[in-house]
Each structure stands twice: as C-alpha cells, then as structure tokens.
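Open the model in your viewer and keep the selection tool at hand. We will go from stop to stop, picking residues and strands as we go.

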Amino acid sequence: MAISSSSSMPHIGQRITRQFAELSAQEQRVATFILDHFDDLATFSAADLARSTGVSKSTVSRLFRRLGFENFQVVKQHARQLRSLGVPLVTGSERPDEAHFKRHLAREHDNLRQTFASVAPEHFEAVVNALDHAGRIVLIGFRNSYPLAVHFRQQLIQARDHVSLAPQPNQSLAEELVSLGEKDVVVLFGFRRRPAVFNTLLATLAAKECRVLLFGDATARAHAPRVDWWLECPLDTVSAFDSYASAMSLISLLSNSLLHQRLAEGRARIHAIGELYQDIDELELCER
C-alpha cells in the first residue's frame, strides 16, 4: 500500500490514536515507541523495533498491517512524506530539560547554516537592488507564511514606500495583482502546505511580467525555475511544529541591507514616522 503526498487517509499518529485501545499490550508498546521516536524512524529496522520494545518481529508486522501499512518500509516512507509536508505530529513527551534545549538549538543552528550557505553574495545583492528600485513591492503569504509576509512588510516600510500586503484579510488577490507590471517586485512565501492556488498564482505573476522573489523550504524547490530569485529556508525542528527562525533571520538581513543601501532616505523616513507616532500619540513610551 503506497502512501502518496496527496493522500487524504489519516496519518500514522491519527491511526494509532484511533486504534490504540484495540491494540494488544505488545502492539501498544510498539505503537508508543514509534510515536516517541518518529523523527528517528529512518534509522530503525523492523528487527530494531522488536528488540527495543521486547516483542517479536511478527508482532511488529501485525501492528503495521492493522494500521494499514504493508511493511516497515512503507511506514518510513509515510513518515518522510509527513515531515516534508509539515504535518504536525507529536512524537513523544518533550520535557523542557537541558537535553531538549540543546537538541532544539542544534537544529536551529543547522537550519541557519544551510540557509546562509545557499545564498551567494551576488545573488543577495541582486535581491536588495530589486527591492530598492521596484516601483511597487507586494508581499504574499498564505497560511503559516502570512506572518512572515506581514513582518517583512513592516520592515520594508521603514525604508521605502509603495509596499503592500496581499491578500488583505477576507479579501481576494485579484484587486492587488491587476495593475502589477515589469517594474514591480512580488515577494512570495511558499512554505510547505501551500494552498492549491499557488501554481495558478505563479502563472499569473509570470504573465504580468513582474519580478518574483520566492521564499520557501525544500518542497518549493521545484518552483525555483519559475521565479527571478529563490531563497531556501529549512524549517526542520525536533518537535511537532516547524520553525521559521531561518526565514525571519534572512528577512532581517535583507531589510537592514535595504535600509543601508538607501540610508539617507531611510533615516529621513524613520524620523518622519517617529514624529508621526508622537503627533497621533500612537505608541506608549516605556522607560527602562
């Protein structure tokens, strides 16, 4: 039984939860072990699972069949696809101890190293120049990518004007895209679990002849040939939910580089914004 990335069938965590009470005590031990070591499944064999849980290999095989998998290789393929799709799967107790902190920090460091190792200086400079000279910048992010688009816009508007976010809450994209042209730049966030409209959107942007900067994880790599600039940011964590720390770090570096490239205009704009904060009494001033 092959598990495709588009399958609507329950993932292994859901299957175990639904059937757990019906499993034998030995099967429950194996099921619990799988969830507790989900991220490491690729390093195990069926014999390893049997040995680690003190059950027979036939018990392990029987559990897989009860969960709807032909064998352990299919389980491992399923696990890899879940991670690539960003499906949150609680894989055991995560005690907030020193060991867990170290594992989390090591993974974050690895994500950051991979992100910045993949960005050539001349590539980065071309992106900053495009953001500097664009007629308009439109930032588009769906689902978990939306906060990244919001944050990047907030940084960019400190340095320049004509920066917008699309779609607006409860609004459609068409109104924001209709007037785009070759002088404009679209910053598109395409991290995993993208909506179905994503492919159509890329085709529309190509027809508009605007330039496109795409942020994404490895699952968006196939779209890289369709855009002008591609920035890959790993999201992998030791926990159920993805981490966007590498993307946020890259956003910070791009924003600061743009500000320094147009320093005089940026300083004047930041000063004007600060004065307007005071004029309309918008921000509370906190004393340290």
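Which residue in β4 does Val187 stand opposite? Select Val187 and look across to β4: the residue standing opposite is Leu213. Please keep in mind during the tour that this is a predicted model.

**Stop 1: the strands around β4**

Now widen the selection to β3, residues 185-189, together with β4. These two strands run parallel and are joined by five bridges. Follow the chain from β3 through α10 to β4, and you trace a β-α-β crossover that is right-handed.

Next, add β5, residues 229-232. Strand β5 also runs parallel to β4, with four bridges joining the two. To find one place where they pair, select Leu214 and then Trp230, its bridge partner in β5.

With β4 still highlighted, try a surface view. Is β4 largely enclosed or not? Buried means under 20% relative accessible area, and five of the six residues of β4 are buried, so the strand is largely enclosed by the rest of the structure.

**Stop 2: just before β4**

Step back along the chain to Glu209, which lies in the loop between α10 (198-208) and β4 (211-216). Check its backbone: phi is positive, about 65 degrees, although Glu209 is not a glycine. Glu209 has 54% relative accessibility, so it counts as exposed.

**Stop 3: on either side of β2**

Select His162 in the loop between α8 (146-156) and β2. His162 is a residue other than glycine with a positive phi, in this case near 60 degrees. Is His162 buried or exposed? With a relative accessibility of 53%, His162 counts as exposed.

Then move on to Pro167, in the loop between β2 (163-166) and α9 (174-177). Turn on the backbone atoms here and look at the link between Ala166 and Pro167: the peptide bond is cis, with omega at about -10 degrees.

**Stop 4: Ser145**

For the last stop, select Ser145, in the loop between β1 (137-141) and α8. Ser145 is buried, at a relative accessible area of 2%. Which residues does Ser145 touch, leaving out those up to four places away in sequence? Show Phe189, Gly190 and Phe191 alongside Ser145, and you have its contacts. Phe189 also takes you back to where the tour began, since β3 covers residues 185-189.

Notes. Residues are numbered from 1 along each chain as its sequence is written. This is a predicted model: local features need pLDDT of at least 70, side-chain atom pairs count only at pLDDT 80 or more; totals for chains, interfaces and linings use all residues. Side-chain values use heavy atoms; hydrogens and water are left out. Buried means under 20% relative accessible area, exposed over 50%, partly exposed in between (1.4 Å probe, protein chains only). Two strands pair if DSSP finds at least two bridges between them. A crossover is right-handed if, with the strands pointing away from the viewer, the path from the first strand over the helix to the second runs clockwise. Contact means heavy atoms within 4.5 Å.
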